[in-house]
Amino acid sequence: MESTAATNEPKTARTPRSARDRQTAHSPQSVEKTPESELMTVEEYFGILRKRVNDYYDSIQGQD
């Protein structure tokens, strides 16, 4: 009498290597850098973030 073992191996769909390479291929030369004049400083960024957080906090405090 032969014993039958149940196997629960998941069936996974494999993507061909060429398709994966096309999806993940990224040429560093294709990235355009933002001009220095358009960048914001760390202080400006966190100032905007702080204002948004404070505005949100004030809005939820008014709902109570």
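Is Tyr45 buried, partly exposed or exposed? Keep that one in mind while we look around; this is a predicted model.

Start with the whole protein on screen, coloured by secondary structure. You'll find two helices and zero strands. Switch on a surface next: the protein exposes about 7,100 Å², with carbon and sulfur atoms supplying 51% of that area. Buried residues account for just 2% of the 64 residues here.

Now select residues 42-61, which make up helix 2. Within helix 2, pick out Glu44 and show its side chain. Add Thr41 to the selection: the Glu44 side chain reaches the backbone nitrogen of Thr41, at 2.8 Å. As for its surroundings, Glu44 has a relative accessibility of 44%, so it counts as partly exposed.

Next stop, the rings. A search of the whole structure turns up one aromatic pair. To see the pair, select Tyr45 and Phe46 and display both side chains. Their ring centres sit 5.1 Å apart, and the planes make an angle of 85°, giving an edge-to-face arrangement.

Back to the opening question, then. Tyr45 is partly exposed, because its relative accessibility is 45%, and that value falls between the 20% and 50% cut-offs. Its ring partner gets the matching label: Phe46 has a relative accessible area of 41% and is therefore partly exposed.

For a last view, keep Thr41, Glu44, Tyr45 and Phe46 on screen together. You'll have the Glu44 contact to the Thr41 backbone nitrogen and the edge-to-face pair of Tyr45 and Phe46 in one picture.

How values were computed. Residues numbered from 1 in each chain as written. Predicted model: local features only at pLDDT ≥ 70, side-chain atom pairs only at ≥ 80, totals over all residues. Heavy atoms only, no water. Helix = DSSP H or I, 4+ residues; strand = E, 2+ residues; numbered from the N terminus. Buried < 20%, exposed > 50% of the residue type's maximum accessible area, 1.4 Å probe, protein only. Areas by Shrake-Rupley, 256 points an atom, 1.4 Å probe, with all protein chains shown as cover. Polar contact = N/O pair within 3.5 Å; in protein donor to acceptor, adjacent residues only side chain to side chain. Phe/Tyr/Trp six-rings, centres within 6.5 Å; stacked < 30°, edge-to-face > 60°.
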